[in-house]
Amino acid sequence: MQDKINKIKQEAEREISEVKDGKQIQDLKVKYLGKKSEFNQILKGLKDLSVEEKKVIGPLANSTKNEIKELLEEKETELENAVDAEKEWIDVTAPGKRIKPGKLHPLTLVQNQIEDIFTTMGFEIADGPEVDTEFYNFDAINMPDDHPGRDMQDTFWISREEERKKGTGTVLRTQTSGVQVRYMKEHKPPLRIIVPGRVFRNEATDASHEHTFHQFEALVAGPDISVANFLYIAETFFTQFFGEKMKVRLRPSYFPFVEPGFEFDISCTNCGGKGCSACQQVGWLEVGGCGMVHQNVFEAAGYERGKYQGFAWGFGLERLAMMKYKINDIRLFHSGDVRFTEQF
Ligand SMILES: [Zn+2]
């Protein structure tokens with residue numbers, strides 16, 4: 001009986017030392033400590049042994065069983081630790097995870113390029129508040145309270161009805177033209193500025209309309225500025241901006257802050273003026289409005305009436321970006337979708 005117990009012990013020790021995973025441990029637990037194990041049979045059979053035998057075999061069987069139990073537990077802990085170590089192991093020689101570099105938004109790219117072109121031509125960059133007073137947004141640019149021009153724009157009003165009635169209201173600016181007057185109050189001609197900035201219109205959005213978009217305003221003022229100066233600067237700008245020879249044309253139009261006023265077209269960036277579906281076969285693309293600064297605007301800035309002449313324009317940055325990069329939906333600019341911005 002003693003031999004049998006020792007043999008089981010040796011066998012168990014050998015098998016435990018060869019264990020590779022938790023499954024084998026469980027199997028050995030059943031084999032050596034389970035109800036149907038040889039040990040259990042021996043312990044069960046103790047009652048049939050003589051008193052002398054019981055005294056020897058009983059303690060031996062129990063201590064051996066405990067030894068095997070301890071060996072199994074030791075092995076189990078050892079295996080668990082091994083697994084943890086594998087999980088925590090760091091390969092310091094592995095190449096790092098690639099971090100995608102950030103990209104400039106297409107509107108930022110376009111604005112940077114516009115600013116570069118104009119500053120080389122001697123223009124200054126002016127800035128103004130996005131929440132502006134009724135005075136600068138409307139009155140100062142020749143759109144008094146009863147002016148029908150106010151109906152041409154859907155405005156986000158910040159102030160209450162009573163303030164609006166008193167003419168002291170504030171608005172999310174509907175154009176950047178108010179900055180012209182702010183700038184002219186501080187500076188005397190000759191002056192050349194561009195005003196890139198965000199503007200707001202209370203209107204429904206679709207592929208070509210947004211409630212929030214960007215304009216860049218240009219203003220040139222001096223004693224003898226004419227439409228010819230404007231055409232030259234505009235052609236130079238668009239030729240540099242699109243990297244190919246561009247033609248511009250003016251069509252008479254009406255804007256309250258200019259007299260005369262024009263709609264401004266450039267030769268189609270898609271077909272070069274031959275006519276295609278992008279330009280509805282006319283060879284021209286509409287870009288924005290422009291004209292000679294109204295003397296009322298100069299007066300609002302504190303200039304003597306008739307002393308200076310100037311021209312101004314207001315173009316949409318999004319529209320120019322859409323032409324340059326052939327983007328067909330203005331809503332993409334504010335979508336926050338990196339799949340869009342990554343392409344530029
Ligand atoms: Zn075309």
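Analyst: Before we start, one definition: helices (H or I, at least four residues) and strands (E, at least two) are DSSP runs, numbered from the N terminus. Also, keep in mind that this is a predicted model.

User: Okay. Where is Gln 281, then?

Analyst: Gln 281 sits in the loop between E8 and strand E9 (284-293).

User: And what makes Gln 281 count as buried or exposed?

Analyst: Count its neighbours: Gln 281 has 11 other C-beta atoms within 10 Å. A residue is exposed if that count is 12 or fewer, so Gln 281 is exposed.

User: What is the phi of Gln 281?

Analyst: About 70 degrees, which is positive, although Gln 281 is not a glycine. Most residues other than glycine have a negative phi. Lys 326 is also not a glycine, yet has a positive phi of about 55 degrees. You'll find Lys 326 in the loop between helix H11 (317-325) and helix H12 (338-341).

User: How do you know whether Lys 326 is buried or exposed?

Analyst: Lys 326 has 10 C-beta neighbours inside 10 Å. The cut-off for exposed is 12 or fewer, so Lys 326 counts as exposed. Try Lys 20 too, in the loop between helix H1 (2-17) and H2: with 8 C-beta neighbours inside 10 Å, Lys 20 is exposed. The C-alpha atoms of Lys 20 and His 211 are 67 Å apart, with their positions 191 residues apart along the chain.

User: Why is H2 described as parallel or antiparallel to H4?

Analyst: Look at the crossing angle. The axes of helix H2 (residues 22-33) and helix H4 (residues 51-88) come within 10 Å and cross at roughly 170 degrees. Angles over 145 count as roughly antiparallel, so H2 is roughly antiparallel to H4. Among the residues making the contact are Ile 25, Leu 28 and Tyr 32 of H2, and Ile 68, Leu 72 and Leu 79 of H4. By class, this contact has seven nonpolar, one polar and five charged residues.

User: What makes E1 and E7 edge strands?

Analyst: Each of them pairs on one side only. Seven strands form an open, mixed sheet in the order E1-E5-E6-E10-E9-E8-E7, with strand E1 (124-125) and strand E7 (248-253) at the edges.

User: How do you know that E1 pairs with E5?

Analyst: Pairing takes at least two bridges. Two bridges join E1 to strand E5 (residues 191-200), so the two strands pair, and they run parallel. In one of these bridges, the partner of Ile 125 is Ile 194 in E5. Helix H5 (residues 106-120) packs on the sheet, touching E1, E5 and strand E6 (212-222).

User: Which residues touch the most other members of the largest nonpolar core?

Analyst: Val 181, Cys 290, Val 297 and Ala 312, out of 54 residues in that core. Ala 312 touches residues including Leu 219, Val 258, Cys 290 and Val 293. Apart from that core lies another one, of nine residues, among them Ala 12, Tyr 32, Phe 39 and Ile 68.

User: Which residues does a cis peptide bond join, with omega about 5 degrees?

Analyst: Pro 189 and Pro 190. Pro 190 is in the loop between H8 and E5. Another cis peptide bond joins Glu 259 and Pro 260, with omega about 0 degrees, and Pro 260 belongs to strand E8 (residues 258-267). Most peptide bonds are trans.

How values were computed:
Residues numbered from 1 in each chain as written. Predicted model: local features only at pLDDT ≥ 70, side-chain atom pairs only at ≥ 80, totals over all residues. Axes fitted to C-alpha atoms, helices over the stretch in contact; angles between N-to-C directions. Parallel < 35°, antiparallel > 145°, perpendicular 65-115°, else oblique. Contact = placed C-beta atoms within 7 Å. Nonpolar A, V, L, I, M, F, W, Y, C, P; charged D, E, K, R; others polar. Core = buried A, V, L, I, M, F, W, Y, C linked by C-beta atoms within 7 Å. Buried ≥ 20, exposed ≤ 12 C-beta atoms within 10 Å, placed from the backbone. Lists of a residue's contacts leave out its neighbours within four places in sequence.
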